[in-house]
Amino acid sequence: LVGLCRALAFLHSRGLLHRDIKPGNVLGRLSPNGEFAALKLVDFGLAGGHDDEVDLPGGTLDYMAPELLAHAPATIATDLYALGMLMYRLATGRLPFDGQDAIANSQSRSRAEAPHPLRFRPDLPIGLADVIAALVHTNPKDRPASARHTIAMLNERDGVNFAYETAETRRAYISSSGMVTNHDVRDQLVALRELMKSGEQPPNI
């Protein structure tokens, strides 16, 4: 969760939204103890600026925020909702309203709050479960304000001290720019990638 929050914080701080966070767009490797390590957010094919106008909402139905289904614009809150749904599935092994088709599932999420993750995984750390539950609130105003705020919530609830960013994650946030279809966004990603290749660090968030 923290690694992906760092990636989103980096992206959002540059005026960009991912718009399609889902398991297939997260790459990682297993550490020797069986835990995921070096998670990377990939596939920026739907990425765009905060103010970009689009005719139809983009993303994958199971991870789309309720407001997108009501034709509201994509925002930081919709990226965070998708992240929450991704983490919900990873943590519990299921989606909140599993057992339905994607359309029925999305309708259920628009009408009712998702069950707390502890309902399906009582052994989850309470702080992590609370943060995931906050990310998938139906009302975007009830979600964390930003990816950095999400890390802060996790630190507070679980009594940990995760850094908001690291030198390693700053260099690895954006692994590909070739799949981005929006020309302005693609140019920004290419420029950032070349900057990091040269050994320079982008400005702090």
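These are my notebook entries on the fold, the nonpolar core and helix α6 of this predicted model.

**Entry 1: the overall layout**

I started with the secondary structure and counted 8 helices and 4 strands in the protein chain. Reading along the sequence, I wrote down the pattern α-β-β-β-β-α-α-α-α-α-α-α. Next I looked up burial: of the 205 residues, 44% count as buried. For the surface I noted about 10,300 Å² exposed by the protein chain, with carbon and sulfur atoms supplying 53% of it. I also checked how far apart in sequence the contacting residues sit. Among contacts with a separation of 6 or more, 64% join residues 24 or more positions apart.

**Entry 2: the nonpolar core**

Which residues have the most contacts inside the largest nonpolar core? I found Leu1, Leu83 and Leu86, in a core of 32 residues. I then asked which helices feed it, and α1 (2-13), α3 (76-92), α5 (126-135) and α6 (147-158) each supply at least two residues. The largest share, 9 residues, comes from α3.

I stayed with Leu83 for a moment and set aside its neighbours within four places in sequence. Leu83 is then in contact with Leu1, Leu4, Cys5, Leu8 and Ile21.

**Entry 3: helix α6**

I wanted to know whether the length of α6 agrees with its residue count. Its 12 residues should span 16 Å at 1.5 Å a residue, and the end C-alpha atoms are 17 Å apart, so the two agree.

At the N-terminal end I found a cap: a side-chain oxygen of Ser146 lies 3.4 Å from the backbone nitrogen of Arg148. Just after the helix, Gly159 takes a positive phi of about 65°.

Then I listed the buried residues of α6, which are Ala147, Thr150, Ile151, Met153, Leu154 and Asn155. I reminded myself that an α-helix has 3.6 residues a turn, so residues three or four places apart point the same way. What covers the buried residues of α6 includes α1, α3 and α5.

**Entry 4: Thr150**

I picked Thr150 from helix α6 for a closer look. Why does Thr150 count as buried? Its relative accessible area is 1%, and the cut-off for buried is under 20%. Leaving out neighbours within four places in sequence, I noted Thr150 in contact with Cys5, Leu80, Val131, Leu135 and Pro144. Cys5 caught my eye here, as I had already written it down among the contacts of Leu83.

Terms used:
Residues numbered from 1 in each chain as written. Predicted model: local features only at pLDDT ≥ 70, side-chain atom pairs only at ≥ 80, totals over all residues. Heavy atoms only, no water. Core = buried A, V, L, I, M, F, W, Y, C linked by side-chain atoms within 4.5 Å. Buried < 20%, exposed > 50% of the residue type's maximum accessible area, 1.4 Å probe, protein only. Contact = heavy atoms within 4.5 Å. Areas by Shrake-Rupley, 256 points an atom, 1.4 Å probe, with all protein chains shown as cover. Expected span 1.5 Å × (residues − 1). Polar contact = N/O pair within 3.5 Å; in protein donor to acceptor, adjacent residues only side chain to side chain.
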